[in-house]
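Reader: Got a minute to walk me through this one? Let's put it up and chat.

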Amino acid sequence: MKTSSAGQDGEGAALESWPPERHAYGTDPAQYGELYRPVGRPRGVAVVIHGGFWRAKYTALLGRPLARDLAEHGWAAWNLEYRRVGNGGGHLTTLDDVSAGIDHLAVLENLDLSTVVTIGHSAGGHLATFAAGRQRYQRWSTSKVSVTAVIAQAAVMDLVAARRAALGNGAVDNYVGGPDVPINVETDPYQQIPLPVPVWCIHGWGDHEVPVAQSLSYVQQARGQGARANLVALDGDHFTVVDPDSVAWAVTRQLLDSLSTVPNDQSHLAGPAGEHIR
């Protein structure tokens, strides 16, 4: 199902200067994506996955400025909504939606899926990383669309450590279904190491919502197991990385552009002053 504009849910419709196509990938109101098409041939497809500690009060509205900016810079941007804790989501349901939402790209017209990069913020970074390795697990083994790289922005990359630290006022327990529910490999990016595709972690040094240690430990563990992973740490807090006017977002776009043509590790990449790549 397709409608011509994101304004169907009333969120930010008056501010939408680059109207996307809205496509449903399921029957639930939260199962949809907003496709922003660029002028001319896309450089690839960027799947934007918003954060909000997997909670229903945070919506795809958060991803619209980023998706719009990506389309303005030549990418087909798929701003993905999914069921969350409080509206039927949580744990496997949310993962099912992310997988199905990405697979829906296969039925959309005029999209080259040879480059599909997931870009997720906070809990969305957790989902973006999950998506890159989902086909290794029986539940998602028939997924049609493969992710070719991940950009995880201030992401929750280690759910066990996040639970221990009570990030987001117990967000991990809310997400998995309670403090006694085990965190298994299908749920946790840290346990899914190594992934078969490059993972870039973008994080602010001053992030008190999701500490930079989440990204640092993931990258160290991934590299130790031979995976392609890098951390780009910059000045800023949890939300700097999703400000389209920030240095962090400029670096993110630069990384994305490199991934459209160079699939291997870009550890030599130079960025603006104040950036630390490791």
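Author: What follows is a short chat about pockets, a helix pair, a salt bridge and some backbone details.

Author: This is a predicted model, with local features taken at pLDDT of at least 70, side-chain atom pairs at pLDDT 80 or more, and totals for chains, interfaces and linings over all residues. Residues are numbered from 1 along each chain as its sequence is written, and side-chain values use heavy atoms, leaving out hydrogens and water.

Reader: Ok, pockets. Which residues lie nearest the centre of the largest pocket?

Author: Gly52, Tyr58, Leu62, His121 and Phe239, out of 23 lining residues. A pocket here is an open set of points on a 1 Å grid over the protein atoms alone where a 1.4 Å probe fits, with protein on both sides within 12 Å along at least five of seven lines; lining residues have an atom within 4 Å of a point.

Reader: And how much space lies in the largest pocket?

Author: About 410 Å³.

Reader: Which strand gives the most to the lining of the largest pocket?

Author: Strand 6, with three residues. Strand 4 (45–49) and strand 6 (116–121) each supply at least two; strands are DSSP runs of E, at least two residues, and helices are runs of H or I, at least four.

Reader: What about the second largest pocket, how much space lies there?

Author: About 160 Å³. Its lining includes Arg41, Arg43, Asp112 and Ser260.

Reader: Switching to helices: at what angle do helix 2 and helix 3 cross?

Author: Roughly 65°, with the axes of helix 2 (residues 91–103) and helix 3 (residues 123–133) coming within 10 Å. Axes are lines fitted to C-alpha atoms over the stretch in contact, and angles run from 0 to 180 degrees between N-to-C directions.

Reader: Which residues make the contact?

Author: Thr94, Leu95, Val98 and Ile102 of helix 2 meet His126, Leu127, Phe130 and Ala131 of helix 3, where contact means heavy atoms within 4.5 Å.

Reader: Anything odd in helix 2? What is phi of histidine 91?

Author: Near 45°, a positive value in a residue other than glycine. Histidine 91 lies in helix 2.

Reader: And which peptide bond is cis?

Author: The one from isoleucine 193 to proline 194, with omega near 5°. Most peptide bonds are trans.

Reader: Last one: how many salt bridges does the count come to?

Author: Ten, each being a side-chain nitrogen of Lys or Arg within 4 Å of a carboxyl oxygen of Asp or Glu. One of them joins arginine 37 and glutamate 21, with the closest N and O atoms 2.7 Å apart. Arginine 37 lies in the loop between strand 3 (32–36) and strand 4 and glutamate 21 in strand 2 (residues 21–24), so the pair ties together parts 16 residues apart in sequence.

Notes: Grid points are joined across faces, edges and corners, and a volume is the space filled by probe spheres set on the points.
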